[in-house]
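Me: Hey, can you walk me through this protein? I'm new to this, so plain words please.
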Amino acid sequence: METLESFVNGAWHRASSGHATLQDPCTEEAIAQVSSQGIDFAKALDHARTVGGANLRAMTFAQRGELLMRMSKAITDAREDLLDVSIRNTGVTRKDAKFDIDGASGVLAYYAYQAKELGDRKLLIDGEGTQLGRSARFWGQHAWVPLRGVAVLINAFNFPAWGFAEKTACAFLAGVPVLTKPATSSALVTERCVRRLVESAGIPEGAFSFVAGSLGDGLDHLGAQDVLAFTRSASTGLSLRRRENLLATSARVKIEADSLNAAVLAPDVEEGSETWNLFLRDVAREITQKTGQKCTAVRRIFVPEAQASLVRDELAARLSETVTGNPLDDSVTMGPLATAAQLEDFVAGIAKLTSSGAELVSGNGTRIDGVGAAAGKGYFVGPTLLFAGDPDRAEIVHTHEVFGPAATILPYDGGATRAAELVARGGGSLVSSIYSDDEAWLAELLPHAAAWNGRLYLGSAKMAEQAMGSGLALPQSKHGGPGRAGGGEEMGMLRGLGLYMQRVALQGSRAMIDRLLS
Ligand code: NAP
């Protein structure tokens with residue numbers, strides 16, 4: 001069995017004890033072991049801050065962009081191997097593995113292009129300057145400078161490549177070194193990516209560290225110039241945010257958490273229309289893609305009462321085409337859940353939804369045998385559609401994320417205000433998708449729904465042909481939502497750099513400020 005290593009202080013670290021075992025979720029066979037025992041986290045973080053930080057800050061934006069492009073290429077060059085490893089480690093289909101691996105190389109390349117435009121400067125100018133005195137000689141200008149600390153990036157299991165890549169792209173471009181920790185269960189994929197990056201991307205000494213396994217006392221050593229960017233479930237440690245050293249030093253803490261994303265069908269959308277078909281296609285894909293293990297997946301489907309039974313039947317028919325099993329079998333279109341714990345949570349979650357009044361339409365809410373897998377082995381479940389006739393009574397549907405291929409249809413009266421209220425019942429979401437060609441209806445819904453979402457995907461006949469679905473977090477648009485979703489923001493073009501930089505207001509002679517910032 002393979003033993004994963006961490007990369008700290010510019011060298012590979014192999015622990016000799018304390019290992020956790022990673023399993024192939026299709027066969028339940030042990031495939032790797034992981035432990036971070038023996039790492040001196042205070043020393044590793046300091047090495048990143050001092051050596052890595054100095055190296056990155058010495059580079060211009062254009063040079064940091066060249067680094068990101070080399071990292072993107074290293075992942076692209078290893079694509080076939082990384083796709084195989086993803087399938088074995090996380091049970092995803094090849095198509096779903098591409099979502100993560102190509103997403104990683106894509107986001108690195110995107111920020112490499114952004115860097116080119118920023119050119120040979122090392123500081124970022126923020127907006128227009130403004131006259132402060134009687135004349136323009138006394139001038140004010142905002143600018144961004146890189147923090148002098150290290151960014152600790154903790155990621156969830158479901159995007160072991162894209163998760164660290166999208167955060168690292170912004171941190172590196174800002175000029176800040178990173179120490180990244182993937183979820184233990186999918187650390188094999190991340191470790192393989194990191195090996196390629198270390199071998200062939202020419203990352204400056206100290207700029208990149210990787211911990212396979214627990215972070216030990218690492219978070220206790222973060223301070224005023226450091227960043228903690230944490231992607232996690234709702235249940236993982238609110239207490240992490242409240243750590244004394246983080247509060248006392250005002251270290252930057254950004255959380256990306258879970259989300260009860262909504263899809264809303266508006267009453268103007270007629271059966272068989274382009275918008276109707278887009279809605280069904282998007283929602284069915286959101287339920288099954290990556291076996292529903294996406295933070296952006298649709299969990300609540302709001303449909304006007306008059307169309308609810310038709311939507312239920314059409315979605316159930318689409319989901320019945322899903323073939324669940326081992327992705328190594330060519331007929332399989334949806335893999336297993338990633339771990340035994342995910343399976344346990346899924347089964348318990350569906351039981352919660354059904355006990356609060358939701359009925360099962362598709363799926364049985366428990367483990368099934370998978371196509372191409374041994375009977376009784378693997379963490380397989382079928383696509384699961386539920387129906388709750390009264391969205392006010394089915395409270396748990398608005399508060400409990402079932403992290404798997406499951407979503408609930410909830411009929412509503414068709415009013416835009418009511419739809420917005422129901423969307424907001426999720427307590428703050430990453431994304432909601434609204435399907436309508438009626439701009440007056442959308443204008444009524446928009447301000448209320450937008451306040452509760454990080455992103456709104458407006459599905460209509462005009463964009464249906466080019467639409468990529470609501471689940472895709474593109475670097476051009478910001479990712480992260482309010483409230484329950486964590487209150488964080490990532491990417492969104494250069495906005496994503498803000499977390500890793502200090503905005504400073506400069507006041508002085510205009511000519512001097514212009515020269516200093518040029
Ligand atoms: P999780 O159990 O909350 O774990 C997330 C990460 O936190 C893992 O790397 C985990 O490491 C680490 N962790 C847990 N306790 C920690 C501690 N005390 N100190 C330091 N690190 C700690 O979540 P998951 O099951 O991996 O992922 C699924 C969840 O993430 C879902 O709820 C999903 O909605 C959410 N998610 C959100 C986004 C987003 O962008 N908003 C994106 C993806 C996923 P170990 O594995 O070693 O415990």
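Reply: Sure, one term to begin with: a salt bridge is a side-chain nitrogen of Lys or Arg within 4 Å of a carboxyl oxygen of Asp or Glu. Also, this is a predicted model, where local features need pLDDT of at least 70, side-chain atom pairs count only at pLDDT 80 or more, and totals for chains, interfaces and linings use all residues. Residues are numbered from 1 along each chain as its sequence is written, and side-chain values use heavy atoms, leaving out hydrogens and water.

Me: OK, which domains does the protein have?
Reply: Domain 1 (2–257 + 489–516) and domain 2 (261–476), with bounds from an automatic or database domain assignment.

Me: And how many salt bridges cross the interface of domain 1 and domain 2?
Reply: The rule finds 0 there. There are 8 residue pairs in polar contact between domain 1 and domain 2, though (both at pLDDT 80 or more). A polar contact is a pair of N or O atoms within 3.5 Å; within protein, one must be able to donate a hydrogen and the other to accept it, and residues adjacent in sequence count only if both atoms are side-chain atoms.

Me: Switching topic: what does the shell around the ligand consist of?
Reply: Its residues divide into 11 nonpolar, 8 polar and 5 charged. Here Ala, Val, Leu, Ile, Met, Phe, Trp, Tyr, Cys and Pro count as nonpolar, Asp, Glu, Lys and Arg as charged, and the others, Gly among them, as polar. Domain 1 and domain 2 each supply at least three residues of that shell.

Me: Which polar side-chain atoms lie by a ligand oxygen?
Reply: One on threonine 184 lies 2.5 Å from a ligand oxygen atom. For histidine 479 the distance is 2.7 Å, and for lysine 181 it's 2.8 Å.
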